[in-house]
Amino acid sequence: MQTLTVIYRNLRQRWLSTCLTALSIALGVALATAITALRQQAQASFANVAASYELVVGAKGSPLQLVLNTVFHLDAPVGNIPYAYYRKLKADDRVAYAVPLALGDNYRGFRLVGTEPEYFSLVKLKDGQPVAVAQGRPFAADYEAVVGSLVAREAKLGLGQTFVARHGVEDTVAAEEHEDAPFTVVGVLRETGTPLDRVIFISLGSVDEIHHDNARAGQQSQSLLDQLNALGAEPETPAKPDAQDDDRGHRHGRGHSHKPPSAAPPEAPTAPPASPAQPAAPAREIAEVTAVIVKLRSPGYLFLMQREINKGKDAQAALPGVEVQKLFAIVGTVDRALLLVSLLVVAVAAASVLVAIYNSLAERRREIAVLRALGARRRTIFAWLLWEAAATAALGGLVGVLLGHALLATAGTTLKFLSGLPLSPWTWTRLEVGPGWLTGYVPFEAAVVFGTLLLGAAMGLAPAALAYRTNVARYLSE
Amino acid sequence: MLSLRNLQLAYPSPDGEPPARVLDVPTWAVAAGEQVALVGASGSGKTTLLNVIAGIVTPDAGEVRLDDTDIARLDEARRDRFRAAHIGYVFQSIHLLPAFTALENVALGMKFADNRAGKAHALDLLAKVGLRERARYFPRQLSAGQQQRVGIARALANRPKLALADEPTSALDARNRDAVLDLMQKLCAEIGAALIVVTHDEAVARRFPTTLRLSDINRVN
């Protein structure tokens with residue numbers, strides 16, 4: 001009979017105790033696995049996305065906030081910079097391209113971002129491919145929209161369909177709807193596995209249009225006289241931009257003539273317009289943008305240009321890669337604290353292995369005596385007890401690793417929805433602690449299972465030593 | 001085959017008194033294939049004597065020789081191996097291991113003796129004790145009589161030179177007692193093993209060709 005069979009039979013005999021002990025270890029291991037895998041994958045995803053952008057220019061303030069808002073479409077914008085500043089950047093000889101972004105409103109929580117149509121061809125992602133419109137075409141007029149793949153799927157926005165944006169970047173019930181300004185979907189982006197999947201791109205002009213309307217509405221409510229004046233007023237009436245207003249900094253541009261959208265009526269899916277009803281964004285006079293994505297002709301200009309911009313009073317330049325590193329340095333503190341808690345859970349659970357085997361020993365002394373009388377050596381009994389403890393702990397480790405990845409799979413769906421960043425819950429996690437020869441070849445999961453095996457064996461030492469010293473004659477006669 | 005010479009064993013007393021002598025056997029021998037019943041009252045040292053013969057308890061002095069090997073002089077590891085290979089032990093309280101099937105209980109006895117005869121041999125033994133069909137039953141699924149028959153199969157799995165049985169029928173009714181004793185005697189005869197059964201039951205002792213009182217060989221009593 002194989003030793004493994006003996007171990008299995010003995011563990012099965014006390015299956016409830018074995019399962020409960022293994023489960024307590026599994027919970028700690030699951031937590032540690034989920035935390036480690038989530039951080040590694042999130043860090044890799046963030047770094048991957050950040051690597052697609054060389055330099056981001058925006059209003060003075062927190063560079064991390066600027067990067068989060070511009071690259072990851074999270075958080076509130078820092079503020080706005082003049083459109084003229086964007087033009088100045090674009091005209092700089094050292095700049096290969098500069099693409100403006102203007103944060104608009106939201107539709108069901110998906111942000112509307114104003115930009116130039118060239119965004120889709122100029123900005124290349126980590127895979128070397130441009131953002132690219134997979135279905136339909138880039139927007140060519142105001143109130144036309146190109147939606148990310150996740151938006152198309154989740155909000156069920158196909159080509160030709162229309163939608164009405166809500167005011168602000170968060171989807172709240174109280175938010176005002178721009179009912180008179182429905183957008184028509186004219187394009188759907190390819191699936192990128194980046195935050196772009198959950199963005200709705202519109203023209204810069206569209207952003208100005210809807211917010212000029214808001215600004216004007218705000219003015220109308222101030223006084224009857226203003227309302228009467230406004231009746232005959234041209235929409236070009238300047239509306240003072242407010243970079244840090246109650247819309248959390250999304251653009252309120254200088255006024256443009258607000259015209260009804262050229263798209264089909266809302267709720268009725270229609271074919272994409274054959275030709276734009278209004279000229280595209282570049283033809284308009286835009287007052288401000290939220291940020292500018294800059295690609296330089298040579299990497300050598302990068303730090304030079306960043307310093308130049310940061311010295312000025314109008315804007316700041318941030319390096320997305322650097323900011324992501326800073327972000328994870330901050331997150332790392334919380335992560336380490338959680339990891340420590342999960343390791344404590346594992347340690348406490350490992351002690352339960354000792355207790356479980358020690359408790360079982362009382363009823364097993366006679367069995368051990370019988371085995372010894374049949375010819376089993378002391379060291380055989382000692383080894384069996386150690387293996388039982390190790391196997392119980394390793395079972396917990398194995399279940400914990402699977403449970404941790406299952407947690408990740410569950411969290412991954414939510415995380416992808418919230419950030420657009422995909423998780424691969426069933427891929428190996430990198431081992432971060434240990435010598436190079438170990439971390440280079442052994443995944444975290446294998447190390448954890450092996451670690452719990454060793455921990456269990458260590459916990460089994462004391463009961464095994466007691467079993468080793470069993471008085472055979474005494475227990476045979478009981 | 002089995003010979004005891006000047007065997008001495010005393011247990012230490014807890015209160016500083018002189019050690020309590022348990023065994024003092026000047027000489028005793030059992031021939032190969034001989035079947036002996038050793039009768040004695042409870043607490044007279046019958047089980048202790050069997051444990052000394054089996055090498056489970058080391059005597060203070062004297063020889064316990066099985067053929068050419070003095071078990072008392074072997075170190076513990078060798079004694080364990082020797083016991084596994086050459087001595088079969090049937091226990092008073094049956095003592096089957098509850099986590100293992102009848103077949104596995106028999107196979108375990110073979111494992112410790114490095115007996116590679118395999119599952120077929122264990123099944124054959126179970127067939128001989130009439131439990132071939134119950135080979136995959138766990139002890140809790142067997143009656144007391146059936147459990148003791150598995151215990152006999154386990155004790156004889158390595159074709160030992162000597163079989164020791166400590167009150168093997170004390171947990172059985174009369175019908176099962178006779179069946180188990182018949183079986184044990186028959187199987188030991190088949191393999192040529194000497195059999196020593198200790199009992200307090202005269203009815204059991206009467207079934208053996210040789211019956212001794214413990215006091216006949218142990219001077220402590």
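Helices, of at least four residues, and strands, of at least two, are DSSP runs numbered from the N terminus, and in those terms chain A holds 14 helices and 12 strands. The model on screen is a predicted one, and the tour below moves from whole chains to single residues.

**Start with chain A.** Select chain A and colour by pLDDT: the mean is 83, and 82% of the residues reach 70 or more. Among the elements of the chain, strand β12 (residues 316-318) of chain A has the highest mean pLDDT, 97, whereas helix α8 (residues 224-231) of chain A has the lowest, 40. Now select residues 220-282 of chain A, where the pLDDT is below 50, although this stretch still has 135 contacts in the model beyond near neighbours in sequence. Where pLDDT is low, the predicted coordinates should not be read in detail.

With a surface shown, chain A has an accessible area of about 21300 Å², 62% of which belongs to carbon and sulfur atoms. Of the 478 residues in chain A, 51% count as buried. Among the contacts in chain A with a separation of 6 or more, 78% are between residues 24 or more positions apart.

**Move to chain B.** Here the secondary structure consists of eight helices and nine strands. Chain B has 221 residues, of which 55% count as buried, and its accessible surface comes to about 9300 Å², with 45% belonging to carbon and sulfur atoms. For contacts in chain B with a separation of 6 or more, the share held by residues 24 or more positions apart is 72%.

**Select the nonpolar cores.** In soluble globular proteins, nonpolar side chains tend to be buried together. The largest nonpolar core of this model has 81 residues, and A:V57, A:Y119, A:I200 and A:F201 are those with the most contacts inside it. Strand β3 (residues 95-107) of chain A gives the most to this core, with eight residues. If you colour by domain, you will find that the core draws at least three residues from each of domain 1 (3-46 + 326-476) and domain 2 (55-318) of chain A.

Apart from this core lies another, of 74 residues, and it includes A:I368, B:L9, B:I56 and B:L162.

Next, centre the view on A:I200 and show what surrounds it. Leaving out residues up to four places away in sequence, A:I200 touches A:Y107, A:F110, A:R111, A:L112, A:V113, A:A145, A:V146, A:V147, A:V151 and A:F163.

**From A:Y107 to A:H167 and A:R108.** Keep A:Y107 selected and add A:H167: the two lie 60 residues apart along the chain, and their C-alpha atoms are separated by 8.7 Å. A:H167 sits in the loop between β7 (162-166) and β8 (177-189) of chain A. Is this histidine, A:H167, buried or exposed? A:H167 counts as buried because its relative accessibility is 14%, under the 20% cut-off.

Step next to A:R108, which is in the loop between β3 and β4 (110-115) of chain A. Its phi is near 55 degrees, a positive value in a residue other than glycine, and A:R108 is partly exposed at 48% relative accessibility. Most residues other than glycine have a negative phi. A second residue to check in this respect is B:N6, in strand β1 (residues 2-11) of chain B, which has a positive phi of about 50 degrees although it is not a glycine. B:N6 counts as partly exposed, at 47% relative accessibility.

**Two helices of chain A.** Select helix α10 (residues 320-373) of chain A and find A:V331 within it. A:V331 is partly exposed, at 33% relative accessibility, and its C-alpha atom is separated by 8.7 Å from that of A:R39, 292 residues apart along the chain.

Then select helix α11 (residues 378-419) of chain A, where A:R379 is placed. A:R379 has a relative accessible area of 59% and is therefore exposed, the cut-off being over 50%. From C-alpha to C-alpha, A:R379 and A:A467 are 9.7 Å apart in space, and they are 88 residues apart in sequence.

**Finish with the cysteines.** How many disulfides does a search of the whole structure find? Over all chains, that search finds zero disulfides. Two cysteines are worth selecting for their surroundings: A:C19 counts as partly exposed, at 42% relative accessibility, whereas B:C188 is buried, with a relative accessible area of 0%.

Technical notes. Residues are numbered from 1 along each chain as its sequence is written. Chains are lettered from A and ligands numbered from 1 in the order in which they are written. This is a predicted model: local features need pLDDT of at least 70, side-chain atom pairs count only at pLDDT 80 or more; totals for chains, interfaces and linings use all residues. Side-chain values use heavy atoms; hydrogens and water are left out. Buried means under 20% relative accessible area, exposed over 50%, partly exposed in between (1.4 Å probe, protein chains only). Contact means heavy atoms within 4.5 Å. Accessible areas come from the Shrake-Rupley method with a 1.4 Å probe; for residues, only the protein chains shown count as cover. pLDDT is the predictor's confidence in each residue, from 0 to 100. A disulfide is a pair of cysteine sulfur atoms within 2.5 Å. A nonpolar core is a set of buried Ala, Val, Leu, Ile, Met, Phe, Trp, Tyr and Cys residues joined through side-chain atoms within 4.5 Å. Domain bounds come from an automatic or database domain assignment.
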